[in-house]
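I opened this notebook to record what I looked up in one structure. The entries follow in the order in which I made them.

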Amino acid sequence: LQSVLTTKSVWLLFHVSKIVPTTEYLVPFNMGNDLQHKSRLHPIENMDLTCYPHRGANVHVYIIDTGCRVSHEQLNNKRVTSYPNPGSQFEYGKDDHGHGTHIAATIVGKDFGLATAAHVVCIKTFSGEGKGSSANIVSAINHVIEVTESYSLSNSSPRAVIMSMSLGVRAPVEYSELDEAVTRAALAGIL
């Protein structure tokens, strides 16, 4: 773990999916408090974000969730894409639930996003009711691994890759297929 934490290209998610460099900048102890209490929300430009000078540049975040409404006023930019989980029953990547869009806006939203220079890819893995299968989750993780490995083989410039999964799984205590997929993602350098 210590070697991961000291790698300059490694970024960690904390609190409500904030992207924070682990080696160059210290995060204020109260960072995120403004976002956790709706009554105190204010535009991001009024916050002291000097600890985030790169704003997620060269970071790709894959959100395995309910898809994303890329036309949302907070996300109306070219840094967000959404598509269905390959091999799933979903025909489109549009968020018909809202959770995936919320996560994307937390990351790259124009007013409140903390990593506005990051690239976000929402992979629709859950229905409008927020339901999905463990097999779909594993499939989405495998897809992110394939895309990441394919990029690494064809590009000399490294990039940080983060996989965001705000989900719960009803599975036996030892659900080896899901555990193995997460382990493969970690070994591929995906956080």
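Entry 1, strand pairing. I took two strands as paired if DSSP finds at least two bridges between them. The model I consulted is predicted. In it, E3 and E6 run parallel and are joined by five bridges. I looked up the partner of tyrosine 62 and found methionine 163, in E6, standing opposite.

Entry 2, burial of E6. I then asked how many residues of E6 are buried. The count is five of five, so E6 is mostly covered, with buried meaning under 20% relative accessible area. On one side of E6 I listed Ala160, Ile162 and Ser164, while Val161 and Met163 point the other way. The residues of both sides are buried.

Entry 3, helix H3. I checked residues 99–108, which make up helix H3. Eight of the ten residues are buried, and I noted the helix as mostly covered. Among the buried residues are Gly100, Thr101, Ile103 and Ala104. Ala105, Thr106, Ile107 and Val108 are buried in H3 as well.

Entry 4, backbone angles. I recalled that most residues other than glycine have a negative phi. Arginine 55, which is not a glycine, has a positive phi of about 50°. I located arginine 55 in the loop between helix H2 (33–36) and strand E3 (59–65). Asparagine 58, also not a glycine, has a positive phi of about 65°, and its place is in the loop between H2 and E3. Are these two residues buried or exposed? Arginine 55 counts as partly exposed because its relative accessibility is 23%. Asparagine 58 is partly exposed because its relative accessible area is 41%.

Entry 5, rings and charges. I searched for aromatic pairs and found zero in the structure. I next looked for charges over rings. Arginine 159 has its charged end over the ring of tyrosine 151, at 3.7 Å from the ring's centre. Lysine 124 lies over the face of phenylalanine 90, 5.2 Å from the ring centre.

Entry 6, surface patch. Which residues form a nonpolar patch on the surface? I recorded Met165, Leu167, Val169 and Val182, which together have about 250 Å² of accessible area. I followed valine 169 further and placed it in the loop between strand E6 (160–164) and helix H5 (176–187). Valine 169 counts as partly exposed because its relative accessibility is 31%, and patches are made of residues with over 30% relative accessible area.

Methods:
Residues numbered from 1 in each chain as written. Predicted model: local features only at pLDDT ≥ 70, side-chain atom pairs only at ≥ 80, totals over all residues. Heavy atoms only, no water. Patch = residues over 30% accessible without salt bridge, like charges linked within 9 Å, V, L, I, M, F, W, Y side chains within 5 Å. Areas by Shrake-Rupley, 256 points an atom, 1.4 Å probe, with all protein chains shown as cover. Salt bridge = Lys/Arg side-chain N within 4 Å of Asp/Glu carboxyl O. Helix = DSSP H or I, 4+ residues; strand = E, 2+ residues; numbered from the N terminus. Buried < 20%, exposed > 50% of the residue type's maximum accessible area, 1.4 Å probe, protein only. Phe/Tyr/Trp six-rings, centres within 6.5 Å; stacked < 30°, edge-to-face > 60°. Lys NZ or Arg CZ within 6 Å of the ring centre and 35° of its normal.
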